[in-house]
Structure formats: C-alpha cells, structure tokens
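Work through the exercises below with the structure open beside you. Try each task before you read its solution.

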Amino acid sequence: MRAHRQLLRPAVRLRRSRQTAAAVSERLWLFDLDNTLHDTSHAIFPRIDHGMTMAVAEALNVDIDTANRVRSLYWKRYGATMIGMVKHHGVDPHAFLHRSHDFDVNSLVRAEKALAYKLRRLPGRKVLLTNAPLGYARAVLARLGILRLFDSLWAIEHMRLHGEFRPKPSAALLRYVLAREGVPAHRAVLVEDTLANLRGARRAGLRTVHVYHPGTPFSRGRSQRPAYVDLRVNSVSDLLLRRRPLRG
Ligand SMILES: [Mg+2]
C-alpha cells in the first residue's frame with residue numbers, strides 16, 4: 001500500500017530540508033540507475049527480461065514468443081513496456097511493474113568499489129532519474145549503500161504529464177523534473193549510459209555525461225563522443241574521482 005501512496009506524488013523526496021534558495025546556485029546531478037550506478041548486464045537484466053516477458057504473457061494470456069514480440073515492440077515505441085501495456089491493454093501499471101520486477105536484488109547487485117564514498121565527494125545535489133519502477137530503484141540504491149545520498153527519486157511511476165507516461169528521453173519530462181527540483185537547466189547534468197536519453201537532455205538544455213557501458217543497447221561501436229555529450233567516461237567512478245568534474 002505504501003508504494004501506491006507514493007505514486008500519487010510527483011517524486012519521492014528523501015531530504016526535504018535541502019530544498020532551499022541556496023540550493024539554486026548548486027549543481028544538480030541527475031543520475032540514471034541501470035548500467036550507470038551499477039552493472040546490470042550480468043545478473044539483473046536477464047531477470048528483468050524474464051519478468052517482463054512473464055508479466056506480458058500472463059496479462060495477455062499469450063505464449064512466450066508472442067509476449068517477447070509485444071514486449072520489444074512496446075519498449076522500442078514507448079521507452080517502457082509498461083506504457084504500451086497500459087495504453088493498449090488497460091493493465092494496472094502498479095501490478096504490472098510489481099510482477100515484472102518480482103525478484104530479490106540483494107544477491108544480484110554489483111557495485112563499484114567505495115561507491116558511496118566517491119559519490120559523497122561530488123559537490124552538488126543528487127537526484128535519481130530512472131525509467132525503472134520505484135520499488136526496484138529504492139532496493140538497488142539501498143543495496144549499493146547510496147540511498148541516503150539522493151535528495152529525491154524519480155521513477156517511471158512519476159513520469160506522467162497530463163495523464164500520459166513520458167519517460168526519458170522526453171525533453172518535456174526533463175523540464176518538468178527541473179521545475180519541480182527548482183533548478184535551471186544550465187545547472188543540471190544528466191549522467192547516463194543511454195545515448196538517446198542524453199540527446200533528450202541536451203534538447204532540454206542540460207549538460208550531459210555519458211557513462212559508457214558495453215552492455216547497453218545501441219552503445220556498441222560508439223567510441224566517439226557525440227556533440228550532445230559533454231563528457232564521456234568508462235564508469236561512474238571515472239566521473240566521481242575527477243577533481244573538477246565538468247567545468248563551467
Ligand atoms: Mg541505464
């Protein structure tokens with residue numbers, strides 16, 4: 001029930017006290033979760049893949065092959081399978097997200113060394129911005145030992161504008177998030193492994209850091225930095241350990 005109540009809010013704010021006028025001059029770091037703050041490719045993505053397929057198969061009463069086709073169609077079209085399931089089949093988003101992420105992350109999360117320490121060193125406010133569900137995101141951050149370092153969590157449940165789901169890379173979503181966080185776009189940075197989301201962020205006027213991950217779809221062979229990427233790193237630690245990450 002608790003999760004359902006949280007869905008009614010625009011985002012889960014963890015540290016309300018930081019929302020002061022002084023924070024406006026600070027930099028806001030928007031961090032993606034999967035393949036940015038932790039490596040999902042070895043254990044978690046296969047679980048999510050399986051969970052999504054099963055959730056689609058059960059909701060539509062179809063076989064696994066059909067469910068897989070539907071899943072990838074909606075993922076490509078809407079950026080999240082759940083959105084297509086809600087739009088075309090009227091499924092309950094909360095029940096669907098719960099079913100598709102119904103596994104224990106604790107034994108599966110792989111963290112970079114001393115991640116909490118490195119993240120704490122980074123000056124500025126930190127906010128999570130993930131197209132994944134809130135319950136899953138919260139569990140992963142807790143397991144990584146960095147949940148308390150985030151001022152607020154934006155998950156797929158919060159990415160609703162005028163009644164429609166608008167996940168990343170929507171520029172409208174990003175503008176909405178910045179308005180809610182009280183930060184102008186030029187003070188905000190999106191840190192991400194997915195290039196399409198970084199392109200969306202640049203359209204909304206944010207600065208961008210590409211965390212290269214070989215397991216990210218469409219990332220292969222992208223050795224060059226696109227014009228909409230300000231900084232490219234090979235891991236989030238590479239960013240956090242810089243003395244002056246992203247000048248200006
Ligand atoms: Mg990602």
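Four exercises with worked solutions follow.

This is a predicted model, where local features need pLDDT of at least 70, side-chain atom pairs count only at pLDDT 80 or more, and totals for chains, interfaces and linings use all residues. Residues are numbered from 1 along each chain as its sequence is written, and side-chain values use heavy atoms, with hydrogens and water left out.

**Exercise 1. Describe helix α2 and its buried residues.**

Step 1: find the helix. Helices (H or I, at least four residues) and strands (E, at least two) are DSSP runs, numbered from the N terminus. Helix α2 covers residues 44-60, 17 residues in total.

Step 2: check the span. The expected span is 1.5 Å times one less than the number of residues. From first C-alpha to last, α2 reaches 24 Å, close to the expected 24 Å.

Step 3: list the buried residues (buried is under 20% relative accessible area, exposed over 50%, partly exposed in between, with a 1.4 Å probe and protein chains only). In α2 they are Ile 44, Ile 48, Gly 51, Met 52, Thr 53, Ala 55, Val 56 and Ala 57.

Step 4: look just past the helix. Asn 61 has a positive phi of about 55 degrees.

**Exercise 2. Place strand β2 among its partners.**

Step 1: sort the side chains. Leu 28 and Leu 30 point one way from β2 (residues 28-31), Trp 29 and Phe 31 the other way, and all are buried.

Step 2: find the pairs (two strands pair if DSSP finds at least two bridges between them). β2 pairs with β3 (residues 125-129) in the parallel sense over four bridges. β2 also pairs with β7 (residues 188-192) in the parallel sense, over four bridges.

Step 3: match residues. Leu 28 stands opposite Arg 125 in β3. In β7, Leu 28 faces Ala 188.

**Exercise 3. Which residues coordinate the magnesium ion?**

Step 1: list the donors (N, O and S atoms within 2.8 Å of the metal, or 3.2 Å for Na, K and Ca; water is not among the atoms, so sites may look incomplete). They belong to Asp 32 (OD), Asp 34 (O) and Asp 193 (OD), at 2.1 to 2.2 Å.

Step 2: place them. Asp 32 lies in the loop between β2 and α2 and Asp 193 in the loop between β7 and α9 (195-203), so the pair ties together parts 161 residues apart in sequence.

Step 3: check burial. Asp 32 is buried at 7% relative accessible area. Asp 193 is buried at 5%.

**Exercise 4. State the sequence spacing of the magnesium donors.**

Solution: the donor residues are spaced D-x1-D-x158-D.
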